[in-house]
Amino acid sequence: MKDISAELIEQVKQAGIDGRKLQIVGGGSKDFMGRTPTGNPLNLAEHSGIVSYEPIELVLTARAGTSLTEINTALGEHNQRLAFEPPLFNGQATLGGTLACHLSGPGRPWNGSIRDHVLGIRLINGRGEHLRFGGQVMKNVAGYDVSRMQAGAMGTLGVISEISLKVMPKPAATVTLKYNMDATQAIKEMNRLAGLPNPLTAACWFNDQLYLRLAGARSAVDSTVKQWQGEVLEDGDSLWTQLREQQLDYFATQVPLWRFSVNSRAEHLWPDENWLLDWGGSLRWLRGDFDVETLEALAKSMGGQVSCYRGGDRTQEVFYTQPKVLRELHQRLKQAFDPMNIFNPGRLYSWM
């Protein structure tokens with residue numbers, strides 16, 4: 001069997017010698033994210049497979065090009081799962097791309113993001129060095145947390161070759177409740193319920209409907225259903241799958257899709273626009289053509305940030321504007337890991 005890691009390292013070294021830029025490609029499922037990709041493709045599709053899986057220890061290690069579908073299948077045989085619920089994007093999503101884009105599903109506020117589940121990685125830097133950070137147990141995560149630093153870096157700091165992460169058991173029972181209410185009511189209700197000692201694991205609102213997911217021990221779920229009443233949604237799992245995969249009608253649009261990360265208790269502003277609220281109110285989607293500066297001011301008033309998730313002009317900046325001090329920090333990290341600016345140039349920001 002050929003050594004794919006060695007081939008990747010050789011390609012990185014040769015790119016440095018030739019002065020070429022590299023576009024890191026996995027399954028291609030998230031090409032729409034970030035600024036327009038540039039550079040020669042560095043394909044990780046063949047760098048795949050589960051390296052090790054210890055169900056008793058709740059730890060899995062896989063190569064970056066491994067599809068999430070393959071990982072979910074292996075975990076399912078032991079009634080386990082990726083608790084951060086990453087989108088599969090028609091089976092094309094890979095583990096490395098999911099970490100690079102920092103994608104998590106509806107349970108993010110309760111179960112954590114992929115960054116919270118990563119224990120360690122292997123990374124090829126811009127010098128062609130194959131480095132290891134973190135480990136396969138929590139106690140090994142010390143010093144500079146380079147592993148979790150890759151979450152959302154869009155591949156600009158190096159080629160993730162391998163990832164170790166913790167996995168979790170599947171809940172014994174899951175029920176989805178539905179309520180009729182407007183967004184302002186829903187925000188108050190989601191925040192109120194999130195503070196109670198009940199097995200709430202997801203909360204979203206759209207089309208004047210609030211949806212709550214309860215998951216955990218059967219007794220706790222059944223007890224909460226009785227307390228909270230609401231309409232039990234048949235095949236509720238399908239709703240959360242469609243939300244996770246962005247397959248709801250809301251996401252079927254040709255206009256730009258904006259992603260707000262804000263204070264969950266923030267007031268519902270611009271009520272006449274087309275919104276979808278997720279993560280208990282801390283993730284808010286907005287559809288339409290808007291001025292970036294206006295939306296950044298709106299996000300700031302809600303205690304957060306906004307980015308153009310999909311659509312629009314991808315040659316312009318699509319992620320939120322960084323303060324000067326954070327911009328300088330990003331550039332210093334880029335210089336440390338990728339001094340010749342080989343990896344995904346400009347994919348995250350034009351100045352990286």
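Strands are DSSP runs marked E, at least two residues long, and they are numbered from the N terminus. That numbering gives the name β17, the strand that supplies the largest share of the lining of the largest pocket. The model is predicted. This briefing covers the overall build of the chain, then its two largest pockets.

**Overall build**

- The protein chain holds 11 helices and 17 strands.
- Its radius of gyration is 21 Å, close to the 20 Å that the globule rule gives for 352 residues, so the chain is as compact as a globular protein of that length.
- The C-alpha trace spans about 65 × 50 × 35 Å along its principal axes.

**Burial, contacts and surface**

- Of the 352 residues, 50% count as buried.
- Buried here means under 20% relative accessible area.
- Take the contacts between residues at least 6 apart in sequence: 67% of them join residues at least 24 apart.
- The chain exposes about 16300 Å².
- Carbon and sulfur atoms supply 48% of that exposed area.

**Finding empty space**

- Rolling a probe the size of a water molecule over the atoms shows where empty space is left.

**The largest pocket**

- This pocket holds about 950 Å³ of space.
- It is lined by 38 residues, and the closest to its centre are H102, R115, A151, G152 and Y320.
- Three helices and two strands each supply at least two lining residues: α4 (108-111), α6 (146-149) and α11 (324-337), along with β14 (257-261) and β17 (305-310).
- The largest share, 5 residues, comes from β17.
- By type, the lining divides into 21 nonpolar, 12 polar and 5 charged residues.

**The second largest pocket**

- Here the space is about 520 Å³.
- The lining counts 19 residues, and those closest to the centre are R81, E85, K170, R213 and R244.
- Two or more lining residues come from each of these elements: α2 (68-76), β5 (80-81), β12 (209-216) and α9 (236-244).
- Helix α9 gives the most, with 4 residues.
- This lining divides into 6 nonpolar, 7 polar and 6 charged residues.

**Points to look for in the structure**

- For the largest pocket, start at strand β17, residues 305-310, which gives 5 residues to the lining.
- For the second largest pocket, start at helix α9, residues 236-244, which gives 4 residues to the lining.

Definitions and conventions. Residues are numbered from 1 along each chain as its sequence is written. This is a predicted model: local features need pLDDT of at least 70, side-chain atom pairs count only at pLDDT 80 or more; totals for chains, interfaces and linings use all residues. Side-chain values use heavy atoms; hydrogens and water are left out. On a 1 Å grid over the protein atoms alone, a cavity is a set of points where a 1.4 Å probe fits but cannot get out, and a pocket is an open set with protein on both sides within 12 Å along at least five of seven lines; lining residues have an atom within 4 Å of a point. Grid points are joined across faces, edges and corners, and a volume is the space filled by probe spheres set on the points. Ala, Val, Leu, Ile, Met, Phe, Trp, Tyr, Cys and Pro count as nonpolar, Asp, Glu, Lys and Arg as charged, and the others, Gly among them, as polar. The radius of gyration is taken over C-alpha atoms; the globule rule is 2.2 Å times the number of residues to the power 0.38. Buried means under 20% relative accessible area, exposed over 50%, partly exposed in between (1.4 Å probe, protein chains only). Contact means heavy atoms within 4.5 Å. Accessible areas come from the Shrake-Rupley method with a 1.4 Å probe; for residues, only the protein chains shown count as cover.
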